[in-house]
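This report describes selected packing and backbone features of a structure with two chains. The text begins with individual loop residues and then turns to helices and the contact between chains.

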Amino acid sequence: MKNAIRGAGFVLALVLAISYAYHVVSWKDTTGDYLSSVEQLYSTPKDLVDVVFMGSSHTYCAINPSILWEDQGIAAFDMSTSGQDRNATYHYLKELLKTQSPQVVFIDMYGLLFDRHAIEGNVYRNLLSMRYSKNAIDIVNGYIEEGERLDYYLRWPIVHTRYKELKMYDFIKYPVSVYGRGEALAWTKTDMFEYEGAAFIDEVGELDEENAKWLSDLKALSEEENFTLVFFVAPFDVKEEEQLVLNAAKAYADENGIAFYDLNRLDKEIGLDRYADMTDPHHTNAFGAEKVTKYFEDILVSEFDLKDHSGDAKYSYWDKDLKYNKHLSAADVIKNTTDVYDCIELATELDDTIVVLSLDGEFENIIPNLARLGISEEEAVTGGKWVYQNGAWAKMVENLPGQIKAIEIDRYHTLIIQYVEGNTQANILLDKESAVTTSNGLNIVVYDGFTNELVTKRGVDN
Amino acid sequence: MSFNSFQFLVFFPIVVILYYAIPKKIRPIWLVIASYYFYMSWNAKYAVLILTSTIITYLSGILLGKAEKVSSRKWIVAGSFITNLGILVMFKYFAFFLSNLNKVLGILHVSAIDNPFSFVLPVGISFYTFQALSYTVDVYRHEIEPEKNFINYALFVSFFPQLVAGPIERSGNLLTQIQSVSKKKLFDYDKFVKGFSLMCWGMFVKMVIADRVAIFVDTVFNSIYNIGSVEALFGALGFTLQIYCDFSGYSLIAIGAANVMGFDLMENFNTPYFAESIQDFWRRWHISLSTWFRDYLYIPLGGSRCSKLRKYFNIMVTFLVSGLWHGAAWTFVIWGGLHGIYQIVGDLLRPVKKKVNELLKVNTEAFSFKFGRIITTFFLTVVAWIFFKAGSIGVAFRYLRALFTKWNPWVFFDSSLYEYGLDRPEAMILLWSILALFVVDVIRYKKGLNIGEFLVKQNLWFRWIVLIVLIVCCLVFGEYGIDFDSSQFIYFQF
């Protein structure tokens, strides 16, 4: 009996250790190479999502649920994964339907245009992110040949190879993977590219067997689960042969009474500028996403009877997601504001922001301008370091050797402000990295304490 | 089904649970079924070979038990040896002998003979053939009574933990344990823990060390035209480590698996790289094979109780045959021959070394003296391993040329050593793992305890932490899975 208890205790401790190790090495919803919104789905309480957008990176770049939330109180969610293919779309939708009862499900038709993933990472993101269930087995069976599935079922043989790329958010929870609503917006604009504009070809191609089955399976699922199915094509630079397939899907949708929105044909209606609103030829940026989302907002408002959930405490993740997106948007404005003092003023208007000013080396020509920030000439003449935090400026460090001030932003991020004679670079350190830009003049660092991101670091030469 | 496969992870617990669940009397039957299933997972057809070997040696034992005349007994032994070695030669050495014959025929301008057979080498054939033959000899020498129960005997030949890569068991040890299965304790907790610990450690040295260093070793050996002395040195050291971890890892899993079921297998490795002479090395390396050759070849040839010349002849024959046992290639024969030469030269130089030590007043009790002997022995084995690893004699000599003539110490500093398949993080994992191996081997060397015996004496919390860390390290840092071309245990081919 004693041995049996010891054995059971060992097995329990081993299972806990292995579970933790798996948690560390598994792919997560952190932005970057392995983007998927499945953890965000799992963190969402039951029966809150009213509108779902399914698709690949085209979807999470083009649809910003926080806009629908802010404007209409619509609880929308992007159930998207990088390179989400037909098989993954179907099974992720089934996964979502386990806990949510959406009224409307938008499906991006981009999945019709490829059979196999070009990037191996997309295979892993799509097949290995789901919690273990029959659906998680089915998604593997739908893509991997029989006889090669064992590694995918077990996952360990694949995920353990991540040990060399582990980062902070592999060990602690990435906050956005809890409250994020699936979107991952880009804030850059595309370089000029040759836009083919093949979307206006009217010729209708053919749906191959797999594509036809996918569409009919989705239709069957919508009938079974009682949601309205909508097909759409998120903006991307479509090729001629691709448009023929999309036209065939539209023909199928028309025949079956399913709404179909090919956004590649609706630039004017949406107000989409293919250069200003795209981050690359295949993905909209945040500005494009705003336009696309507002276009769908009008449709949702006019054609569906969706409840306004604003103010409902159960929807706090949507509130937090909105705040997160506001911060990202504000950060983009701050970054792109040319006038440094305007930039500082904007930064101080944002919640949770930390702004550091540092007068280093020769700085006498800068002093008069600091009056705009409420820093007197008298206070500035000896130089020093000021920090804006919790709505007020405070001089933290005089330019005297040995003075040091450490601001623990949270458990994992520290900002050090100090005066190091002869080593200006060390005067502002963010997580051990120098944030100093100029040796003679004013250094400015803006850090967003909500997103935990460095917004900008700039220098004004004397 | 390799020990480090998912199939074994499922197979082994099922075998163990049922083994303890069923009545003691039918346990041998269950283990025979499990062992044949295990063997047939490689190549089902070759189960016929092991069954043939089992039947022949079983019958030879029965016949030996009845035969009284010495000449009849010798004929029975000869018959057993000829048929068993005939199968071994046919499947393992026929192509090698034919290719050498064809080379001779080529020199004589005679057309080559085509090989009418194309066999895949049956896994573990050298191991179970030697184990079965040792039984015949043991019965012949009256060291053991002939086994009448065919199931018991079949289990002795096919016992799955040691079936494909040893340890090559003796009937006096394993067969007697099988015979007394019904008298064994129902469940021996300490032995179970010891066995499980050995299995975990064996997996660790195989998956984390051997398979990781193999990546570096293979890259170096595949770049022999571009490597300098330092890469060649590290490649050779790497292979020295790889083959030790690979083979001792297998043996530990085998011994551990047997322990889990209450059986004791003989020790196969005892800190061989701490050996102070080549003779000592062979007392510590692949002990089950070296003692087999000692008992069934070297001593029958006359051993050391004869003239010096004859003794050296016996040594050379034993090591050349041992080399050939390891593989049907001249590189293995040279490897064996080198070890024979090392021993003979060592024996010849012994009086000279003694004189020099006396003359220079060397303190032979000092650690430094012992350490020097260990290092010298280690270096000699490293050089010999180059022949073992090289695909051909030409490659081996080119490798040796690179090792001794292309001194390039700057690669220690320009990070180019990381270009041979193991980058810095991988090299760090390897270094930490080697440190762990060193600690475990020092405990074995100093205290005479293997990791299983050591852990079973420790407090629960310490044992749990060590085992959990080992298992998690295998899962996370082990070389396996989708991007890894899982290398078989090296010794399967022998």
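## Loop residues

A:Lys432 sits in the loop that joins β13 (428-430) and β14 (433-434) of chain A. The model is a predicted one. A:Lys432 is not a glycine, yet its phi is positive, at about 75 degrees. It has 7 C-beta neighbours inside 10 Å, and A:Lys432 therefore counts as exposed, the limit for that class being 12 or fewer.

In chain B, B:His286 also has a positive phi, near 45 degrees, and is a residue other than glycine. B:His286 belongs to the loop between α11 (278-284) and α12 (287-301) of chain B. Is B:His286 buried or exposed? B:His286 counts as buried because 23 C-beta neighbours lie inside 10 Å, where 20 or more are required.

B:Gly448 is placed in the loop between α17 (424-447) and α18 (451-456) of chain B. With 11 other C-beta atoms within 10 Å, B:Gly448 is exposed. The C-alpha atoms of B:Gly448 and B:Asn270 are 8.8 Å apart in space, while the two residues are 178 residues apart in sequence.

The loop residues and their neighbour counts are listed below.

| Residue | C-beta neighbours within 10 Å | Class |
|---|---|---|
| A:Lys432 | 7 C-beta atoms | exposed |
| B:Gly448 | 11 C-beta atoms | exposed |
| B:His286 | 23 C-beta atoms | buried |

## Helix pairs

In chain A, the axes of helix α4 (residues 65-72) and helix α15 (residues 286-303) come within 9 Å and cross at roughly 50 degrees. α4(A) and α15(A) are therefore oblique to each other, and the crossing in which α4(A) passes α15(A) is right-handed. On the α4(A) side, the contact is made by A:Ile67, A:Leu68, A:Asp71 and A:Gln72; on the α15(A) side, it is made by A:Glu290, A:Thr293, A:Lys294, A:Glu297 and A:Val301. By class, the residues of this contact are three nonpolar, two polar and four charged.

In chain B, helix α10 (residues 229-260) packs with helix α16 (residues 393-405) at an angle of about 120 degrees, the axes being 7 Å apart. This angle makes α10(B) oblique to α16(B). α10(B) and α16(B) form a left-handed crossing. B:Ser229, B:Ala232, B:Leu233 and B:Ala236 of α10(B) meet B:Tyr399, B:Ala402, B:Leu403 and B:Phe404 of α16(B). The contact of α10(B) with α16(B) has seven nonpolar residues, one polar residue and no charged residues.

## Buried helix residues

Which residues of helix α17 (residues 340-349) of chain A are buried? They are A:Cys343, A:Ile344 and A:Ala347. Viewed down the axis of α17(A), these buried residues fall within an arc of 100 degrees, so they line one face of the helix. They pack against α16 (316-335), β8 (353-360), β15 (441-448) and β16 (453-461) of chain A.

In helix α6 (residues 150-158) of chain B, the buried residues are B:Tyr153, B:Ala154, B:Leu155, B:Phe156, B:Val157 and B:Ser158. Their cover includes α2 (27-40), α3 (47-66), α5 (125-140), α7 (160-163) and α8 (171-179) of chain B.

## Contact between the chains

Chain A gives 19 residues to the contact and chain B gives 15 residues. On the side of chain A that touches chain B, α1 (2-25), α8 (150-154) and α9 (156-159) each supply at least two residues. The largest share of that side, nine residues, comes from α1(A). The side of chain A that touches chain B has 13 nonpolar, three polar and three charged residues.

Note on methods. Residues numbered from 1 in each chain as written. Chains lettered and ligands numbered in written order. Predicted model: local features only at pLDDT ≥ 70, side-chain atom pairs only at ≥ 80, totals over all residues. Axes fitted to C-alpha atoms, helices over the stretch in contact; angles between N-to-C directions. Helix = DSSP H or I, 4+ residues; strand = E, 2+ residues; numbered from the N terminus. Parallel < 35°, antiparallel > 145°, perpendicular 65-115°, else oblique. Left-handed = near helix turned anticlockwise from the far one by under 90°. Contact = placed C-beta atoms within 7 Å. Nonpolar A, V, L, I, M, F, W, Y, C, P; charged D, E, K, R; others polar. Arc of directions from axis to C-beta.
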